[in-house]
Amino acid sequence: MKLLIASDLVKYHGGDLKILSGASLAVEAREKIGLVGRNGAGKTTLLNILSGNLEPDSGQVELVGGAKVAMTSQSLYVGSERSVEEEMISAFKDLIRREKELESLEAELSANSSPVLLERYGRLQAEFERDGGYEYRAQAASALSSLSFNPADWKRPVGSLSGGEQSRIALARLLLSEPDLVLLDEPTNHLDLRAIEWLENFIKNTKSAILVVSHDRYFLDTVAGSILQLEDGKLTYYPSNYTKYAAEKKARDEQLTRKVKANLERRGQLERFIEKNRAKASKARQAKSKQKLLDRMEKIEGPKNGKKNMKLDLNETRRAGRVVMEMENVLYGYEDAEGALLTDLELVIERGERVALLGPNGAGKSTIIRLAAGELTPNRGIIRLGHNVTVAYQDQQLARLHGDKTILEETMEATGLDAPEARDRLGAFLFSDDVFKKVYSLSGGEKNRLSLLEIVVSGANLLLLDEPTNNLDIPAREALEDALLKYQGTLLFVSHDRYFLHKLATRIVELEKGKLRNYLGGYDYYRSSRRLDAQEGGSRNRTRRRVRPGLDKRQNVVAARLIAVEGEIDATERRISRLEKELATSALYADGERSRKVVTEHRQLKKVLEGLYEDWSKLIEDAEDVGL
């Protein structure tokens with residue numbers, strides 16, 4: 001059943017510039033659609049038109065059967081005194097009304113238990129239970145916990161929360177209210193990994209239809225059954241998730257490019273024949289015929305995605321020492337906070353590693369990046385940079401940019417480039433005619449690109465990046481990924497973009513309750529380890545709890561192999577950790593022979609560990625196949 005039909009939508013953006021030029025779509029009940037397109041393509045404009053917040057210049061939007069459409073408000077909760085818990089529970093208005101009606105009936109029944117009242121009470125109670133009346137408070141509490149709100153925060157006024165916290169509350173409340181169609185604009189912003197997973201599960205199971213704008217490819221693959229691409233003001237429908245859409249779009253574009261080439265070659269042949277023979281009496285008739293054919297011939301245009309993309313080339317200017325950075329026994333806490341935010345941090349990062357720092361919102365990930373960058377000083381402990389290390393730091397808020405300067409002035413001051421060189425660099429980052437705009441007037445994505453430009457030019461061999469994909473569209477994210485994969489330096493970064501993590505991270509460091517835990521493998525290894533720990537109650541028990549009575553022969557073989565491999569992994573990880581602490585001490589390098597032995601053993605053990613991880617991953621798949 002159709003909920004919404006939009007036809008021939010046109011919207012101008014000042015003058016003759018069309019954001020939408022005849023866009024049409026239909027949304028079915030419970031359908032889950034991902035809306036994709038470059039930054040500035042008009043995705044948010046389209047959502048605002050569909051929600052009724054904006055009127056199209058032409059075209060129409062029809063809500064079939066009075067369908068309810070909802071979209072999160074931009075104003076959020078400024079000045080609101082309602083508590084977090086009250087705001088979340090208010091999503092269940094109808095259930096709250098029926099709950100009060102039941103309470104009123106109970107009071108009446110205590111004085112007058114007539115058959116009519118009993119029958120009405122029984123009917124209302126059955127409907128209330130059927131519609132989840134006894135579960136809605138638990139559902140609201142579960143949502144708050146999944147969105148990283150501690151019970152101590154539930155009584156706080158929503159108006160006192162940060163912008164990111166208010167966005168999370170507004171998103172959860174909107175989803176819990178289950179309108180017929182929910183319009184979501186970048187809902188994974190401000191969410192940590194746990195909250196994103198909650199959102200994915202909620203969207204997959206909700207009765208509401210969903211139209212979601214997102215640049216998170218992993219998220220789109222998980223929740224979207226179809227993709228709408230907005231390009232040059234028009235919508236193209238793909239009945240698939242994002243990965244299949246991207247493959248199909250690439251195939252379509254390649255086919256169209258071949259057609260364009262063939263079309264141009266044929267037109268060229270005709271034009272040459274006409275030009276050569278139109279003046280010849282013997283060929284004039286043929287030339288005239290060819291001209292008519294050329295006039296009737298359709299001129300095929302190439303793919304519309306030929307717009308320039310950001311060009312990044314990250315070159316390490318000089319080679320750093322083997323140990324790039326070390327944190328030893330680091331403790332940090334803000335002056336106005338109770339207790340330390342970070343305690344006993346131990347971290348060693350070697351040259352060439354790409355280390356992802358994960359953890360819940362508020363755990364202190366950005367604080368660790370700022371400590372590493374030298375913006376903060378630890379209350380206790382040591383942070384050392386290795387030999388020849390130069391650092392470039394991109395903060396999540398992009399606060400290092402100067403809003404009152406023009407783009408060109410900001411670039412010249414930050415990089416030391418002269419005006420012509422700076423303009424060349426800005427052109428590669430998609431800033432061409434707008435270099436005299438003030439930095440404060442830029443969008444989030446434009447500010448991110450400007451910040452990345454400054455990092456590229458820095459020539460640093462240690463990059464500290466805090467949410468580097470924020471506000472970047474998918475082509476820009478892909479350009480950044482490709483550049484970082486080719487980068488020969490070292491990377492420590494915070495990200496909630498799982499596609500980005502999967503592609504880049506060679507090691508995961510998780511921050512939880514002020515302490516760090518190392519996962520000496522990529523994002524897939526981290527996920528498998530966490531899943532295994534959750535199933536078996538913690539990593540310390542994982543080798544023993546595999547063996548249990550009642551296993552068949554195949555299960556026993558796989559279980560025995562897992563025990564052996566996991567034991568080797570644990571022993572190797574412990575040995576590597578001890579070597580890394582030794583590598584980080586200056587005393588080691590006073591003994592040339594000993595330092596060579598330690599470096600050689602460390603390198604060999606890292607290779608051994610990579611092989612063990614591969615064996616372990618295959619055995620995990622085998623364990624699932626045999627029912628372990």
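Biologist: In this predicted model, which residue of S18 does Val509 stand opposite?
Modeller: S17, which covers residues 507-512, and S18, which covers residues 515-519, pair in the antiparallel sense over five bridges. Within this pairing, the residue of S18 that stands opposite Val509 is Asn518.

Biologist: Which residue takes a positive phi in the hairpin of S17 and S18?
Modeller: The hairpin has two residues between its strands, and the strands it connects are joined by five bridges. The residue with a positive phi, near 55°, is Lys513.

Biologist: What is the bridge partner of Val355 in S17?
Modeller: Strand S12, residues 354-358, runs parallel to S17 and is joined to it by four bridges. S17 is itself mostly covered, with five of its six residues buried, that is, under 20% relative accessible area. In that strand, the bridge partner of Val355 is Arg507.

Biologist: In the open sheet formed by three strands, what is the order of the strands?
Modeller: The pairing in this sheet is antiparallel, and strands S2 (18-28) and S4 (58-63) are the edge strands, each pairing on one side only. The twist from one strand to the next averages 10°. The order is therefore, with S2 and S4 at the edges, S2-S1-S4.

Biologist: What angle does the direction of helix H1 make with that of S1?
Modeller: Strand S1, residues 2-12, is joined to S2 by eight bridges in an antiparallel arrangement, and Val10 has Ser21 in S2 as its bridge partner. Helix H1, residues 43-51, packs on the sheet and touches S1, S2 and S4. The direction of H1 makes with that of S1 an angle of about 125°.

How values were computed
Residues numbered from 1 in each chain as written. Predicted model: local features only at pLDDT ≥ 70, side-chain atom pairs only at ≥ 80, totals over all residues. Heavy atoms only, no water. Axes fitted to C-alpha atoms, helices over the stretch in contact; angles between N-to-C directions. Contact = heavy atoms within 4.5 Å. Buried < 20%, exposed > 50% of the residue type's maximum accessible area, 1.4 Å probe, protein only.
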